[in-house]
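Take a look at the ligand site first, then at how the helices pack. Short steps will do.

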Amino acid sequence: MERETLEPREAEHRASLRQRAFEILEHSRRRDLASRIVDGVLVALIVANVAVVIAQSVPEVAAQYGGLLTAFDRLCVLIFAIEYAARIWVAPEHLMLRGRGDAMARLRFAGTPLMVIDALAIAPFFLELLFPASSVILLTRLVRILKLARYSPAIATIGRVLALEKRALLACVVILTGVLITAAAVMLAVEGHKQPERLGDMPKAMWWAAAMLAKIGGGETEPVTALGRIVAAITVMLGIFCFALPVAIIGRGFYEEIRRRDFVVTFAMVARVPLFSRFDAAAIADLVSLLRARTVTPGTQLMRKGDRGDAMYFIASGVVEVAGDNVDVRLTEGDFFGEMALLSREPRTATVTAVSSADLLVLDVDDFMRLVDRLPQFKSQIEEIARERKEGKADGGAGDRDEL
Ligand code: CMP
C-alpha cells in the first residue's frame with residue numbers, strides 16, 4: 001500500500017528533476033543563475049580545451065607539460081560526456097519531441113546538429129584508444145570549438161540568414177557554374193590546341209577557370225595568345241562579380257536580421273508563452289518565423305490609447321503597465337497585449353508602457369490576421385481573453401491562466 005503511494009511521488013519527483021535539469025541545460029533563461037553558471041563553465045571548458053589541444057601540438061610544450069595537458073583533456077572529455085548524457089536524458093522535455101515516447105524522443109534529439117557536434121567532441125577520446133598515434137586525432141579534437149555554436153546567437157542568425165536567402169544564393173551558384181563552364185569552354189577553344197597539357201580538355205580548362213574566377217590567378221597557366229589574355233581578363237572580372245554577389249546578399253541579410261531583431265526568437269522562447277504551450281511543433285515553428293523580437297528600456301511607451309492597432313505583443317521577459325479608462329494593470333512574462341485593436345479593428349483601448357526593461361515578441365497585424373485564419377484555436381483563446389478584459393473580468397493576461 002505504502003509502495004503504491006510512494007511510486008507516483010517518486011516518478012513525479014524524477015519528472016520535476018528532469019524538468020529542472022532541462023531548464024538549466026537547454027532553456028538558458030537570462031535570469032536563471034544555475035543555467036548561466038552551467039553555460040559559463042561549459043564555454044570556458046571548450047575554449048580552454050581547444051587552447052590545450054593547440055598547445056599540445058607544439059613538441060616543446062608537449063614534452064614539458066604533456067602529462068598535465070592530457071589530464072586536463074581527459075577531465076574535459078569526462079565533463080562533456082556527462083553533459084551529453086544529461087542532454088539526452090532531458091530530451092523528452094523538449095516541446096517539439098513531446099508525445100513520442102522517451103526513447104524515440106532521445107533518438108531524434110541525438111540526431112540534431114548540435115547533439116551530433118557534442119558527440120563528435122567526445123569521439124576523439126575513443127578514436128585515440130583505437131588509433132593512438134594518428135595525426136587526424138588533432139583535427140577531430142579541434143571540432144570541439146563547434147560546441148560554441150550552441151551559445152552564440154550570432155551563429156543562429158547566420159543560419160537564419162542563409163536559410164532566408166537560399167534562393168538568391170542558389171541563383172549565385174547557378175550563375176557561377178555557368179560562368180565557370182563558359183569561361184572554360186571559350187579558353188579550351190582559344191588555347192586548347194596551344195597548351196594541350198594545361199587547357200586541352202574541359203576538366204583542365206575548368207580548373208584554370210575556377211582559379212581565375214577565385215582571383216588566385218591561373219597558376220602556371222598563362223595565356224599565350226592575345227585572345228586568350230582577353231578571355232582571362234574577362235574571366236577575372238566576372239569572378240569579382242560572382243563572388244561579390246553572394247557576399248552582398250549575405251551581408252545585407254545579416255544587417256536586416258540584426259536590425260529587425262534585437263535578439264533571436266527561438267523555438268523555446270515561443271513555446272514558453274502560455275498561450276502557445278499547447279500548440280504542436282509545426283504551429284510553433286510557424287510562429288517563430290512570424291514573430292519579431294524587440295527589447296525595450298523602462299519607460300518606453302509601446303502603444304497609446306486611441307492609436308491604430310498595428311501589432312500585438314507577447315512578453316518574453318519584463319513588466320509592462322496597461323493604463324486606460326477603467327484599467328490599470330501590470331502584465332508580466334507570458335502575458336500578451338495589443339490584441340483588442342487587431343480583433344475589433346478599432347483604436348487602442350489603453351496606453352501600454354514598459355515598467356522594466358522587457359523582451360517582447362511582436363506579431364504584426366498582417367501576420368496576426370494570417371495566423372487567426374490558420375489557427376482557429378489561437379483566435380478563440382485570444383478572443384476569450386479580450387472579452388474578459390473588456391468586461392473587466394480579467395486583470396492580467398495569459399500568464400495568469402492555468403488552463404492556457
Ligand atoms: P489594445 O486595445 O489593442 O491596446 C491596449 C491593450 O491593453 C489592449 O489591446 C489589451 O491588450 C490591453 N488591455 C486593455 N484592457 C486590459 C485589461 N483589463 N487587462 C489587461 N490588459 C488590458
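Two elements, α14 (339-344) and β7 (350-354), each supply at least two residues of the shell around the ligand. This is a predicted model. Helix α14 gives the largest share of that shell, with three residues. In total, 16 residues surround the ligand. Gly-338, Glu-339, Ala-341, Arg-348 and Thr-349 are the closest of them. Sorted by class, the shell holds 10 nonpolar residues, three polar ones and three charged ones.

Now look at the polar contacts. Which atoms does the ligand meet at Gly-338, and how far away are they? An oxygen atom of the ligand sits 2.7 Å from a polar backbone atom of Gly-338. At Ala-341 the partner is again a polar backbone atom, and an oxygen atom of the ligand lies 2.9 Å from it. At Thr-349 the side chain takes part: one of its N or O atoms is 2.7 Å from an oxygen atom of the ligand. How much of the ligand does the protein cover? On its own, the ligand has 460 Å² of accessible area, and the protein covers 97% of this.

Move on to the helices. Start with α15 (residues 365-374) and α16 (residues 376-390). Their axes come within 5 Å and cross at roughly 110 degrees. An angle of 65 to 115 degrees counts as roughly perpendicular, and α15 and α16 are therefore roughly perpendicular to each other. Which residues make the contact between α15 and α16? From α15 come Phe-368, Leu-371, Val-372 and Arg-374. They meet Pro-376, Phe-378, Lys-379 and Ile-382 of α16. By class, this contact has six nonpolar residues and two charged ones, with no polar residue.

Helix α15 has a second partner to follow. This is α13 (residues 281-290), and the axes of α13 and α15 come within 11 Å. They cross at roughly 170 degrees. Angles over 145 degrees count as roughly antiparallel, so α13 and α15 are roughly antiparallel to each other. On the α13 side, the contact is made by Asp-286, Leu-287 and Leu-290. On the α15 side, Asp-367, Leu-371 and Arg-374 take part. By class, the contact of α13 with α15 has three nonpolar and three charged residues, and no polar ones.

Finally, compare the two residue lists for α15. Leu-371 and Arg-374 meet residues of α16, and Leu-371 and Arg-374 also belong to the contact with α13.

Terms used. Residues numbered from 1 in each chain as written. Predicted model: local features only at pLDDT ≥ 70, side-chain atom pairs only at ≥ 80, totals over all residues. Heavy atoms only, no water. Near = heavy atom within 4 Å. Polar contact = N/O pair within 3.5 Å; in protein donor to acceptor, adjacent residues only side chain to side chain. Areas by Shrake-Rupley, 256 points an atom, 1.4 Å probe, with all protein chains shown as cover. Helix = DSSP H or I, 4+ residues; strand = E, 2+ residues; numbered from the N terminus. Nonpolar A, V, L, I, M, F, W, Y, C, P; charged D, E, K, R; others polar. Axes fitted to C-alpha atoms, helices over the stretch in contact; angles between N-to-C directions. Parallel < 35°, antiparallel > 145°, perpendicular 65-115°, else oblique. Contact = heavy atoms within 4.5 Å.
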